[in-house]
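Subject: Structure for you to look at

Hi,

Here is the structure I promised to pass on. Could you open it and keep it beside you while you read my notes below?

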Amino acid sequence: MDTSRHDTSPDDPSRAETSFDVIVVGAGLAGLVAATEAADAGRRVLLIDQEGRQNLGGQAWWSFGGLFLVDSPEQRRLRVKDSVDLALQDWFGTAGFDRPEDHWPREWATAYVHWAAGPKREWLHGLGVRFFPVVGWAERGGHGADGPGNSVPRFHITWGTGPGIVEPFANKALQAVADGRLTVRWRHRLDALVLQDGAVVGVRGAVLEGTTAGRGAPSSRTPVGEFEYRASGVVIATGGIGGDLEKVRAAWPGRLGTPPERMVAGVPAHVDGRGLDIAVEAGGRIINGDRMWHYTEGLANWDPVWKDHGIRILPGPSSMWFDAAGERLPAPLWPGFDTLGTLEHLMRGGHGYSWFVLNRRIIGKEFALSGSEQNPDLTGKDVRAVLRRARVDVPGPVQAFLDHGEDFVQADTVEELVARMNALAGNTLLDPARIKEQITARDREAGNGFGKDGQLAAVRAARGYLGDKLVRTVAPHRILDPAAGPLIAVRLNILTRKSLGGLGTDLRSRVLAPGGATVPGLYAAGEAAGFGGGGIHGYRALEGTFLGGCLFSGRAAGRAAASGD
C-alpha cells in the first residue's frame, strides 16, 4: 500500500471477489482502524474509497497529530497532575450536553475518557507511536472550574505528526493485504447501501476513472464502471461536511448568528457528507447536525492544495485579539482559551473575521501552524530541526506566511499598521487612535508583576507551566516596544474543520434508526459518527480528541462488525 505514488488507474472489480465478511467505506484513520481490527479478528475485509491511494489516511495525514491523554508519563514528567475525575469534569463542562439524544454521546464520552486514561497510550505505544515530550495546553477555558476547557495540559503531539499516527495502521493494512485478509479498492465511490429485509447487506456504486491528482487535490468524478459487494457488516467512515461550505452554511445553527460570507476550508472538497446522506437513506439517523467545530484563527493558505484551503494558527496566549470593529475581545476570549465562545462572540458582531495584533517577538515563539505539512521538523522526526526551531527568530513555515500570506500586514507604527489592516479588509472600520489606546493601556500593565489585565495574568500563569515557558509563551513585554518589532496584524478567518454531530450509534458503533433501534448490519465510525454516538464532544471539543475519537470508534466498529453484533 504505497502511499507515495499516485493512483493512475482504478481497480478492476471484474477480477475481484464480490462477497466479504465486513466492508469499510472510507480509508481515513477511522476506516483504517476499523478495517484492520476486523481483519485481525480473522474476517475477510473490503476497504473502499472514492479517492486514489495517495489519500490513504484521509484528514488524519494532514493533522498536527495531537492526542488527548490523561495522567500520561509525559504529563507526569512535566509535573502535571491529572486524573479521570478531572478529565471527566472538563469534558462534560465543555460538552454542555443538554438534549435527550445526548444519551449515547454521554456514554461514549465517559468510556473515551477512561480509555484515554488507561489502555490508549499503551496500545499506541505497542504499535510504535511516540510523543513529543512537551505536552500542549489547548482550550484552556477560563469560565470557572466546572466550565469549558482543559484544566491541565493534555495535548500530546505525535512524533511524526499526522503521518506518524497513520503509519502504524497503514502498515497493519499492508500486512493484512499481503496475508489475504484485506482487499482495498480505490476510486470506488459509494452510491447506495444494499438492503435486504431491512438489513444492510452490501454496497453499490461507481468505479471512477484513474487520477493523478495529489493528496487532497480535486479528482475526477467520471465513472468507468459499476460495482456491488456483499457483506454481513458495513462500516461508514466517510467523514463530515467541512469541505462543502454550502452544507456548512445550511447546517449553521441560529445560536451562532448568520454564517460568514467568507470562510476558509480546513479539509478538501471531497469531505462533503455524501456518505452520511446515503446512510440516512438506508435508515440511519443523524443527530446534532448543528454542532460543528470551526476555528476562529484561520488563514488563507498561500500555497493551497484544495479550493479555499485554510490553515489554523495554534496561538500562544499573548497576542491582542480585536473584533472587526477594533474592540478588544473580552475575558476570557484570549488566544487558545475558548474556541466556541470566541466564535459566538464574533458572530454576534456581524463580521466573519477578526484580528490578532502582536509583534515579531511574539510571533516567533507563540505561533505554530496546524498540520503535518506546516511542521516539517516534527513530521520528519528531525530532532536537530526541532532544536533549531527554538533558536530561530521566526520558524520557516511562519515566516513563509509573513512573506506570502494574504492575511498578514506589518508596520513600524500603529497608524501605519491600522491603515494596512483597513486596506486589507476593504473598509475603514478600524480607528487607529482607538487601537493604539487599547494597546497602550495593555502595555502599561506589562511593566511589572502586578496589574489587573486578565490576559497578562493568564500569560504569567501559563509561564508557570514549564512546557509553555520553554516553547509556547513569550515573557510579558510591551507590544509597542521597538526592540520587539515590527508590529504585525493578522486577519483571522472562520476555518471549517469538523462535524461534531453525525450518525447516532450505540457503544458498539451500531447505527441507530430514528426510533432508537439499530439498523441491522450498519456501523459508523470517526467523524461520520460524530466520533462516537453521534456527538461525543457535545457543543465543544477539548482538542486532541478528533484523532482519538477516530481511533476509539474505529476500534469499536471494526470489532463489532467482525463479531456480527
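One term before the notes: residues are said to be in contact, or to pack against each other, when their heavy atoms come within 4.5 Å. Please also bear in mind that this is a predicted model.

Let me start with helix 17, which spans residues 454–462. Just at its start, a side-chain oxygen of Asp-453 comes to within 3.1 Å of the backbone nitrogen of Gln-455. Gln-455 is itself one of the buried residues of helix 17, alongside Leu-456, Ala-458, Val-459 and Ala-462. If you look down the helix axis, these buried residues fall within an arc of 155 degrees, so they line one face of helix 17. As a reminder, an α-helix has 3.6 residues a turn, so residues three or four places apart point the same way. And what do the buried residues of helix 17 pack against? Their partners are strand 14 (320–323), helix 16 (432–444) and helix 18.

Helix 18 covers residues 466–471 and includes Leu-470. Is Leu-470 buried or exposed? Its relative accessibility is 51%, and the cut-off for exposed is over 50%, so Leu-470 counts as exposed. Together with Leu-466 and Val-471, Leu-470 forms a nonpolar patch on the surface, and the three share about 250 Å² of accessible area.

Next, have a look at Asn-493, in strand 18 (residues 487–499). Its relative accessible area is 0%, so Asn-493 is buried. The side chain of Asn-493 makes polar contacts with two other side chains: that of Arg-262 at 2.6 Å and that of Asp-407 at 3.3 Å. Setting aside neighbours within four places in sequence, the residues in contact with Asn-493 also include Val-264, Tyr-295, Thr-296, Glu-297, Gly-298, Leu-299, Ala-300 and Gly-352.

Finally, Leu-547 sits in helix 19, which runs over residues 545–563. With 8% relative accessibility, Leu-547 counts as buried. Which residues is Leu-547 in contact with, leaving aside its neighbours within four places in sequence? They are Leu-29, Ala-60, Ser-63, Gly-65, Gly-66, Leu-67 and Ile-165. For a distance you can check in your viewer, the C-alpha atoms of Leu-547 and Arg-76 are separated by 22 Å, and these two residues are 471 residues apart along the chain.

Happy browsing, and best wishes

Terms used: Residues numbered from 1 in each chain as written. Predicted model: local features only at pLDDT ≥ 70, side-chain atom pairs only at ≥ 80, totals over all residues. Heavy atoms only, no water. Patch = residues over 30% accessible without salt bridge, like charges linked within 9 Å, V, L, I, M, F, W, Y side chains within 5 Å. Areas by Shrake-Rupley, 256 points an atom, 1.4 Å probe, with all protein chains shown as cover. Salt bridge = Lys/Arg side-chain N within 4 Å of Asp/Glu carboxyl O. Helix = DSSP H or I, 4+ residues; strand = E, 2+ residues; numbered from the N terminus. Buried < 20%, exposed > 50% of the residue type's maximum accessible area, 1.4 Å probe, protein only. Arc of directions from axis to C-beta. Polar contact = N/O pair within 3.5 Å; in protein donor to acceptor, adjacent residues only side chain to side chain.
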